Amino acid sequence: MKKKILIVGGTGYLGQHLLQAFADSTSDGNAFTLAFTHYSAEPSRHLLYAFPSALLFQLDLRSGNGFDVISSVLGQPDVVINCAAISVPRACENDPDTAHAINVPSSLVKWLQSFQQSSTLLIHLSTDQVYEGVKSFYKEEDIAVPVNVYGKTKVEAEKLISENCPNYAILRSSIIYGPQTVAPVPKSLPIQWIDGTLAKREKVEFFHDEFRCPIYVKDLVAIILALTNQWISEGKQMQLLLNAGGPDRVSRVEMAEAVAQVRGYDTSLIKPVSASSVDRGVKSPADISMDITRLVQTLNIHPVSFKDGVRLTLTTN
């Protein structure tokens with residue numbers, strides 16, 4: 001019998017990369033029934049043509065409208081991957097109520113609790129912004145002290161899931177970068193934006209004092225596929241919290257320098273400035289680099305270096 005995979009927020013950047021990976025996996029002989037949700041506008045025909053066998057559902061995470069249709073058509077999924085979020089910190093700051101309603105997936109957890117069997121694994125995307133940002137290489141057991149509304153909603157989501165779901169994997173993701181999706185997403189992608197900006201051969205300011213561990217999208221997809229396959233093949237109780245970042249701690253300046261080196265741009269165009277010199281309308285943690293030892297040891301997955309990821313991104317696009 002085919003295992004049922006539901007990607008909540010399947011039309012977004014990570015969601016589309018997951019759709020591609022699960023579709024490829026199905027063509028390689030793994031039997032999955034693949035379903036995904038969208039919230040607002042109808043997905044583009046390009047996306048629907050790319051994944052003709054995937055089931056599509058409209059879902060409002062705020063109210064839970066749409067779960068009844070998923071139950072009647074798909075039934076209980078074996079794995080739910082929740083990629084849906086308002087992930088722009090300033091948008092969360094401007095509208096905390098909506099951010100809370102979407103980022104804390106109460107309706108999703110309630111729906112999963114409605115099934116008699118606890119046979120669903122929930123893989124939930126969290127963020128490195130749960131950390132305070134006052135040191136380097138945070139570990140999962142470090143206390144989460146978020147400094148903005150986005151981080152606070154994500155901490156609350158983690159608490160909700162760990163207290164109410166018998167089987168879960170929470171992935172604290174850093175900046176996700178990589179090639180464009182089948183149906184291009186409206187938000188600007190980090191490496192493509194840096195590339196386009198440096199290509200103009202004009203001086204550009206980048207922060208030198210904010211640090212993250214960006215993760216190449218296909219590594220994050222590989223992590224989610226590994227968790228899915230482990231759950232399906234073993235069925236053992238899973239309660240995991242993992243930092244999901246790349247191996248390198250980099251500033252925005254170092255990100256720009258990596259793009260410049262791959263492309264052959266003049267690095268003197270990159271002007272380092274302090275993050276405190278710009279008012280972004282939201283408090284941003286200074287150093288939320290993460291220790292990924294637990295991830296590597298648990299799944300034996302080694303995310304690519306940032307420079308290799310940049311090279312892969314720019315040669316794929």
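**Group meeting: a walk through the model**

Let's start with Q76, which sits in the loop between α3 and β4, the strand at 79–82. Before I go on, keep in mind that this is a predicted model. So, is Q76 buried or exposed? Its relative accessibility is 18%, and the cut-off for buried is under 20%, so Q76 counts as buried.

What does the side chain of Q76 do in there? One polar contact goes to the side chain of S119, at 3.3 Å. Another joins the side chains of Q76 and T120, at 3.0 Å. If you leave out residues up to four places away in sequence, Q76 touches K4, F115, Q117, S119 and T120. S119 and T120 turn up in that list as well as in the polar contacts.

While we're at α3, have a look at V69. That one is in the helix itself, residues 67–73. V69 comes out as partly exposed, with 42% relative accessibility. If you want a feel for distances, take V69 and N300: they are 231 residues apart along the chain, and their C-alpha atoms are separated by 38 Å.

Now put F36 next to that. F36 is in strand β2, residues 32–38. Its relative accessible area is 1%, so F36 is buried. From F36 to G9 you count 27 residues in sequence, and the C-alpha to C-alpha distance is 6.9 Å. And what does F36 touch, again not counting residues up to four places away? L6, I7, G10 and T11 are on the list, then L19, then L47 and L48, and finally A54, L55, L56 and F57.

On to the helices. α5 covers residues 96–103, and within it A99, I102 and N103 are buried. These three span an arc of only 85° around the axis, so they are on the same side of α5. That goes with a bit of helix geometry you all know: an α-helix has 3.6 residues a turn, so residues three or four places apart point the same way. Which elements cover the buried residues of α5? Among them are α4 at 89–94, β5 at 121–127 and α7 at 149–164.

Between β5 and α7 there is a loop, and F137 lies in it. Check the backbone there: phi of F137 is near 55°, which is positive, and this is not a glycine. As for the side of things facing out, F137 is partly exposed, at a relative accessible area of 37%.

There's another one like that, R201, in the loop between α8 and β8, the strand at 204–207. R201 isn't a glycine either, and it has a positive phi of about 60°. With 53% relative accessibility, R201 counts as exposed.

That brings us to α8, where I'd like to spend the rest of my time. The buried residues here are I191, I194, D195, T197 and L198. Their arc around the axis is only 165°, so they sit on the same side of α8. What do they pack against? The answer is β7 (176–177), β8, α10 (252–263), β13 (270–273) and α12.

Let me take α12 out of that list. α8 is residues 190–198, α12 is residues 306–316, and the two pack at an angle of about 75° with their axes 10 Å apart. Anything from 65 to 115 degrees counts as roughly perpendicular, so that is what α8 and α12 are to each other. On the α8 side the contact is made by I191, Q192 and D195, and on the α12 side by F306, V310, T313 and L314. By type, the residues of that contact divide into four nonpolar, two polar and one charged.

Last stop is D195, which belongs to α8. D195 counts as buried, at 12% relative accessibility. Which side chain does the side chain of D195 make a polar contact with? It's Y265, at 2.7 Å. Skipping residues up to four places away in sequence, D195 touches V259, R263, Y265 and L314. So L314 of α12 shows up both here and in the helix contact. That's my tour, happy to go back to any of these spots.

Note on methods. Residues numbered from 1 in each chain as written. Predicted model: local features only at pLDDT ≥ 70, side-chain atom pairs only at ≥ 80, totals over all residues. Heavy atoms only, no water. Axes fitted to C-alpha atoms, helices over the stretch in contact; angles between N-to-C directions. Helix = DSSP H or I, 4+ residues; strand = E, 2+ residues; numbered from the N terminus. Parallel < 35°, antiparallel > 145°, perpendicular 65-115°, else oblique. Contact = heavy atoms within 4.5 Å. Nonpolar A, V, L, I, M, F, W, Y, C, P; charged D, E, K, R; others polar. Buried < 20%, exposed > 50% of the residue type's maximum accessible area, 1.4 Å probe, protein only. Arc of directions from axis to C-beta. Polar contact = N/O pair within 3.5 Å; in protein donor to acceptor, adjacent residues only side chain to side chain.
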